[in-house]
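Okay, thanks for having me, everyone. I'd like to walk you through a structure that's new to most of us, so let's put it up on the screen.

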Amino acid sequence: MTTLQALSQTPPMLGDVLKRAYGRYADRIAFVWDGGQLSYRGLRDWCGRAQAVLAAAGCSHGTRVAMLAGNRWEAWAANNASMSAGLVTTMLHQLGSLEDHLFQLKDIGAQVLVVDAGPFGERAAALVAGHPGLKVFTLGPSSMGTDLCAAVERIGEATLRCLVQPDDMCNVQYTGGTTGRSKGAVRNHASNSAMYQDLLANYEIPERPHYLAAAPITHVAGAFVPATLIRGGTVRLMSGFAPDRWLQLVGEERCNFSLLVPTMIYMVLDHPKLASTDLSALHSLIYGASPMSPTRLVEGLERMGPVFAQLYAQTEGFPITFLRREDHDAAHPELFSSCGIPTSMKQVVLLDDNDQPVAPGEAGELCVRGPGLMTEYLNMPEATAETLRGGWLHTGDVARADEQGYLYIVDRKKDMIVSGGFNVYPRDVEDVISAHPAVAMVAVIGVPDAKWGEAVTAVVQCRPGASATDREALAEELKASVRQAKGAVHTPKHVEFTDQIPRTAVGKIDKKVLRAPYWQGQSRQVG
């Protein structure tokens, strides 16, 4: 490849694109939080100074930086400044366990920890003790490390710079761990930049976004922060999700765009303030991370309007597909179970167990290729080779496609239940049970059974106000509804009730936790 060819094929990196936005919209408001706001000019200046502070502390190209904070603009800015300077970042989830955090620090070889020592001071001390040699920066005064915010104020003026090449490692994002130990998905800067090009080209983000960041911006909700800033919009940060506060901010501050996982949307739909909230400003409510009950989606459209859109993606590949707002039409409810069509930069194919394309209409593993995917799993060459075999990212999700190309996630490959020699996909059963008016959430798992191999088991969380329901009668009613809709094989052998279905730190139903008591000391095989 000639030098001219190489130059023509090198797009601007995300750091360059954001720097342009900071200058173009200098007087606009970039971030708003309870009690304050920050302009684009202020954000650009802070990031430049943060780079200077990190450089003065010996952080150079390739230094591994871990960050632990809630939805604070300083945390996002420190991450942005670090990546643009060529440092490699990873975000520790604020609800993660000490064990998971220490594993992540060791796996990436973290040299620096940036932490909000207010809520996370105790955890930071434990991380320093468990991972010796960490250089600690805090977001505000603390008895440990260096106060990054104070250091930024002291260091004086410094120009924000983007010092990376497309093939440089950018960040390491860790998978949710719903099926086992988290894996570190590595992206280089070319992949990271392509991810945002694909997102902006395909997802229905308002022309002037006022993004309500309710979910943790350490994970998927954070993807929409750069997208909002590139368009000159404003990010309204929430310090933790509460349905009444979310409704208040949409109504009073006119936020027009948000991302929630389905469990959060259910909480909004069940909240008494929904009926009296002005939602006229809301343009797009994107949901993702796990499937949403079609019945509750119909309820959402009736009560909140035509604002829903669905993303499908993974830590390893983001974005992959999108189901548009216009596809959320009560006249065509069959699409409510779809995750949409591939984005313009992605190729998708459904493969069988021999990595051959399945017949039209048949289910197969959803595999994807294109810009924006991970390059590898950190320190896991065998898992990398398995997941990226044949030049495709194997998602582990089983899907089918209709004649128009819409994709339908049948279920996680590892969640499939083999009962009496038949394959049962939990999603099929969950969609039937979630249609019952007493059910708020449901998770279907397989538990060991001497006769069936695995017994289909439904774990149900009832809606508020349905707690007095006769549980035995409700269990039989739910079984009967599944039997009528799907047949005897799919009918749960057991229905259990819980006050709270366990969820992962990113809001997904945690089937690993649900299965654990039943499978202790046993190996679960998935055919």
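**A cavity, a helix pair and two sheets**

So, if you search the whole structure, you find one cavity of 30 Å³ or more. Keep in mind that what we're looking at is a predicted model. The largest cavity holds about 80 Å³ of space. Who's around it? There are 13 lining residues, and L14, G15, M83, H189 and N192 are the closest to the centre. Three helices each give at least two residues to that lining: α2 (14-24), α4 (73-84) and α8 (189-202). As for the chemistry, the lining has seven nonpolar residues, six polar ones and no charged ones.

Let's stay with two of those helices for a moment. How do α2 and α4 pack? Their axes are 10 Å apart, and the angle is about 125°. That angle makes α2 oblique to α4. On the α2 side, the contact comes from G15, L18 and Y22, and on the α4 side from W76, N80 and S84. You may remember G15 from the cavity, where it is among the lining residues closest to the centre. Sorted by class, this helix contact has three nonpolar residues, three polar and no charged.

Okay, on to the sheets. One is an open sheet of nine strands with mixed pairing, and the order goes β2-β1-β11-β10-β12-β13-β14-β15-β16. At the edges you have β2 (36-39) and β16 (341-342), each with a single partner strand, so one side of each has no neighbour in the sheet. Further in, β10 (residues 210-213) and β12 (residues 257-260) pair in the parallel sense over two bridges. If you want a spot to zoom in on, L212 stands opposite S258 in β12. Then there's helix α10 (residues 243-252), which packs on this sheet and touches β10, β11 (234-237), β12 and β13 (284-287). The direction of α10 makes about 170° with that of β10.

There's also an open sheet of three strands, ordered β24-β25-β26, again with mixed pairing. Here β24 (439-449) and β26 (494-497) are the edge strands, pairing on one side only. Ignoring direction, neighbouring strands in this sheet are turned by 25° against each other on average. β24 and β25 (residues 453-462) run antiparallel, joined by 10 bridges, and P448 stands opposite E454 in β25.

Last stop: which helix lies across β24, β25 and β26? That's α15 (residues 471-486), running at about 135° to β26.

Methods. Residues numbered from 1 in each chain as written. Predicted model: local features only at pLDDT ≥ 70, side-chain atom pairs only at ≥ 80, totals over all residues. Heavy atoms only, no water. 1 Å grid on protein atoms, 1.4 Å probe; cavity = no way out; pocket = protein on both sides within 12 Å on 5 of 7 lines; lining within 4 Å. Points joined across faces, edges and corners; volume = space filled by probe spheres on them. Helix = DSSP H or I, 4+ residues; strand = E, 2+ residues; numbered from the N terminus. Nonpolar A, V, L, I, M, F, W, Y, C, P; charged D, E, K, R; others polar. Axes fitted to C-alpha atoms, helices over the stretch in contact; angles between N-to-C directions. Parallel < 35°, antiparallel > 145°, perpendicular 65-115°, else oblique. Contact = heavy atoms within 4.5 Å. Pairing = 2+ DSSP bridges.
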